[in-house]
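Colleague: I would like to go through this model with you, one question at a time, before I set up any calculation on it. Could you take me through the reasoning behind each answer?

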Amino acid sequence: MIRPAFVSTTSRSSRSRLVTFALISLALSFFAGEARAQSRTIVLDPGHGGHDRGGVPRQRVGEKGLTLDVAQRLRRVLQENGYRVIMTRNSDVFVSLGQRVAIANSHPNATFVSVHFNSAPRVGANGIETYYYRRDSSSLAANIHRNVVAGAPTENRGIRRRGYYVLRRTRIPSVLVECGFLTNPEEARYALSSSYRQKLAEEIARGIRGVRAPVGKPLARDSATSPDVLPQPFNGPDFVRATPRSRQSARSSKSSRKKKSSTTRRTRSSSRKSSSGG
Ligand SMILES: [Zn+2]
């Protein structure tokens, strides 16, 4: 008589233990997933350094010092929010793109964020661009981009998929943000102010933390027709989709000599950027 009661108690308690075990496993797998989705280790990559000043030749406002300053400010903000931060450089030294990628890949649970300022032969070119290559990096790119754009007094040039070396060769989620054009006098003036660089750092940090950006700015009108952009998925109003390069070059070969030479100039400037990583 006791026996059946005992058996039934055991089966009840083992059932409840099973349920508890299942709930704990579920919770653990949920938190593991969260940890994967939101890495707490960030590899920060200030663009250029040492003999590599960044930007275009004879550019008056240098890029390498500003990228380092924004990255150092960003490191402080991230650390205050509990992140572990690794820098690919922390002074004015040259670090090759291969070394930057190796540093990133030696932290398999990290997220890689490269900080740059833009430049163009056209003085009027302005705005914020954010790049990604890996499919798992598009939402991070969007978060960072929308936060930076919301706070920047400039154009939204869109989120673009592009095979920059540091984005293509990293085996972890990776994003490259171009924080405005130093060849544009107004944006250069902003970039030279420490309070603006602090704002940039705080906005990039908000993007990394996944904070929802305030109401977005519409995409600048000429962004979608930029010849520098590769074809990419169009999964949001900020994602720039462009005509495939092959079709563009086929079209340009039919066009006039004048048009052809201007395309060559643009291609040359864009391949320079690809090799330097933006
Ligand atoms: Zn750069």
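Colleague: Is Ala-205 buried or exposed?

Modeller: The model is a predicted one, and every value I quote is computed from it. Ala-205 sits in helix α7, which covers residues 194-209. The relative accessible area of Ala-205 is 1%, and because the cut-off for burial is under 20%, Ala-205 counts as buried.

Colleague: Which residues does Ala-205 touch, if those up to four places away in sequence are not counted?

Modeller: One guide to the region is Arg-75, which is 130 residues from Ala-205 in sequence, while their C-alpha atoms are 8.6 Å apart in space. With contact taken as heavy atoms within 4.5 Å, and with residues up to four places away left out, the partners of Ala-205 are Leu-74, Val-77 and Leu-78.

Colleague: For the protein as a whole, what share of the contacts between residues at least 6 apart in sequence join residues at least 24 apart?

Modeller: The protein has 278 residues, of which 45% are buried, and its secondary structure consists of 9 helices and 6 strands. Among the contacts between residues at least 6 apart in sequence, the share that joins residues at least 24 apart is 79%.

Colleague: Which element gives the most residues to the lining of the largest cavity?

Modeller: The search returns 2 cavities of 30 Å³ or more, and the largest has a volume of about 60 Å³. Its lining includes Phe-117, Cys-179, Glu-187, Tyr-190 and Tyr-196, and by class it holds 7 nonpolar, 2 polar and 1 charged residues. Two elements, β6 (174-181) and α6 (185-191), each supply at least two lining residues, and with 3 residues the element that gives the most is α6.

Colleague: How many degrees lie between the planes of Tyr-131 and Tyr-164?

Modeller: The whole structure contains 2 aromatic pairs. In one of them, Tyr-131 and Tyr-164 are 5.0 Å apart centre to centre and are classed as edge-to-face, with an angle between the planes of 65°.

Colleague: Where in the chain do the two partners of that pair lie, and how many residues apart are they?

Modeller: Tyr-131 belongs to strand β4 (residues 128-132), whereas Tyr-164 is in the loop between β5 (156-161) and α5 (165-168), so that the pair links distant parts of the chain. Both rings belong to buried residues, since Tyr-131 has 2% relative accessibility and Tyr-164 has 0%. Their separation in sequence is 33 residues.

Colleague: What class does the pair formed by Tyr-190 and Tyr-196 fall into?

Modeller: Both residues are also among those that line the largest cavity. Tyr-190 is partly exposed at 30% relative accessibility, while Tyr-196 is buried at 9%. Their ring centres are 5.2 Å apart with 40° between the planes, and because planes under 30 degrees apart count as stacked and those over 60 as edge-to-face, the class is tilted.

Colleague: Is Arg-58 buried or exposed?

Modeller: Most residues other than glycine have a negative phi. Against that background, His-48 has a positive phi of about 65°, and Arg-58 also has a positive phi of about 65°. His-48 lies in the loop between β1 (41-46) and α2 (64-80), as does Arg-58, but His-48 is buried at 3% relative accessibility. Arg-58 has a relative accessible area of 77%, and because exposed means over 50%, Arg-58 counts as exposed.

Terms used
Residues are numbered from 1 along each chain as its sequence is written. This is a predicted model: local features need pLDDT of at least 70, side-chain atom pairs count only at pLDDT 80 or more; totals for chains, interfaces and linings use all residues. Side-chain values use heavy atoms; hydrogens and water are left out. Helices (H or I, at least four residues) and strands (E, at least two) are DSSP runs, numbered from the N terminus. Buried means under 20% relative accessible area, exposed over 50%, partly exposed in between (1.4 Å probe, protein chains only). On a 1 Å grid over the protein atoms alone, a cavity is a set of points where a 1.4 Å probe fits but cannot get out, and a pocket is an open set with protein on both sides within 12 Å along at least five of seven lines; lining residues have an atom within 4 Å of a point. Grid points are joined across faces, edges and corners, and a volume is the space filled by probe spheres set on the points. Ala, Val, Leu, Ile, Met, Phe, Trp, Tyr, Cys and Pro count as nonpolar, Asp, Glu, Lys and Arg as charged, and the others, Gly among them, as polar. Rings of Phe, Tyr and Trp (its six-membered ring) pair if their centres lie within 6.5 Å; planes under 30 degrees apart count as stacked, over 60 as edge-to-face and the rest as tilted.
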